[in-house]
2 protein chains.
Amino acid sequence: MVRAMQRSSCAVGDQGRVLPGGSRVMRFESGFRWQGVPATEYKAPANHWCGILRTVLIGERGESTKFDVRYFEIAPGGFSSLESHTHEHAVIVLRGRGEVQLGDGAHALGFGDAVYVAPCEAHQFRNPTTEPFGFLCVVDSQRDQPSVRATA
Amino acid sequence: MVRAMQRSSCAVGDQGRVLPGGSRVMRFESGFRWQGVPATEYKAPANHWCGILRTVLIGERGESTKFDVRYFEIAPGGFSSLESHTHEHAVIVLRGRGEVQLGDGAHALGFGDAVYVAPCEAHQFRNPTTEPFGFLCVVDSQRDQPSVRATA
């Protein structure tokens, strides 16, 4: 179901059309990196998260999408903040194994598993394994800040 | 860079907060299917596309995201419409190999390769191999209709 479909304004002769150009292919490289796309440490270090790299595939290069696509990778033993916010997460696992806390429940995750984190659901991603745990995470580009909760 | 960050309305005591609940894990299954998520034939059959299955992971179950996440799988020899529209695509390859036409250029694609299709860029995904070619495709939930172009 498509929630809304308007007529395209790309037709030839439409004076108001957006011009083509600016598309790009981001090549996947060994180690789950993408050619020309930086992988950076996620947030300033703090005691409520640990060992996370973030690669922004869509959302920092002039796109007009209403979403950002990021790849997060959690090092062995690492974890994200236990946090909640009104914006939702769409997660798809690409690398390794890990787990997600959703409210009171913990769920093991592996390749291809997809997670929808609903508004205000407390959640945390963890890597209890000895290999990197990596996943795509799609969010609205305009979103609220997380509320961080105390971890065990 | 986060384009906009507002204060979360999930804090305890905030009367206007959205209640938690509704999160879900969609288990990946053999054959690139997801437990409980239907894979359906994409659009009514036509001569300008061929052999595509669509699985909607995010966007059809009451989410309030401003994006949809779909998994498309193109059968051997299949292809999508050559089309353009103002809305953008974010594509990440999960299965097999294929190629994308972007304007006048064709690009081979394999696991992990990511594609940004800019507004009004004519594009087509094709599978010239003997194995399925599958990819995630994220789009704005509110988007314009494609203009289909004649194929060779």
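**How chain B meets chain A**

Me: How many residue pairs are in polar contact across the interface of chain B and chain A?
Reply: The rule finds 22 such pairs, both residues at pLDDT 80 or more. A polar contact is a pair of N or O atoms within 3.5 Å; within protein, one must be able to donate a hydrogen and the other to accept it, and residues adjacent in sequence count only if both atoms are side-chain atoms. This is a predicted model: local features need pLDDT of at least 70, side-chain atom pairs 80 or more, while totals for chains, interfaces and linings use all residues. Residues are numbered from 1 along each chain, chains are lettered from A in the order written, and side-chain values use heavy atoms, without hydrogens or water.

Me: What makes B:Arg27 and A:Asp113 a salt bridge?
Reply: Their side chains meet at 2.9 Å, N to O. The rule asks for a side-chain nitrogen of Lys or Arg within 4 Å of a carboxyl oxygen of Asp or Glu, so the pair qualifies. The count between chain B and chain A is 2 salt bridges.

Me: How many residues does each chain bring to the contact?
Reply: Chain B and chain A each bring 66, contact being heavy atoms within 4.5 Å.

Me: Why is B:Phe133 called buried?
Reply: The relative accessible area of B:Phe133 is 0%. Buried means under 20%, exposed over 50% and partly exposed in between (1.4 Å probe, protein chains only), so the term applies. B:Phe133 lies in strand β14 (residues 133–140) of chain B, a strand being a DSSP run (E) of at least two residues.

Definitions and conventions:
Helices (H or I, at least four residues) and strands (E, at least two) are DSSP runs, numbered from the N terminus.
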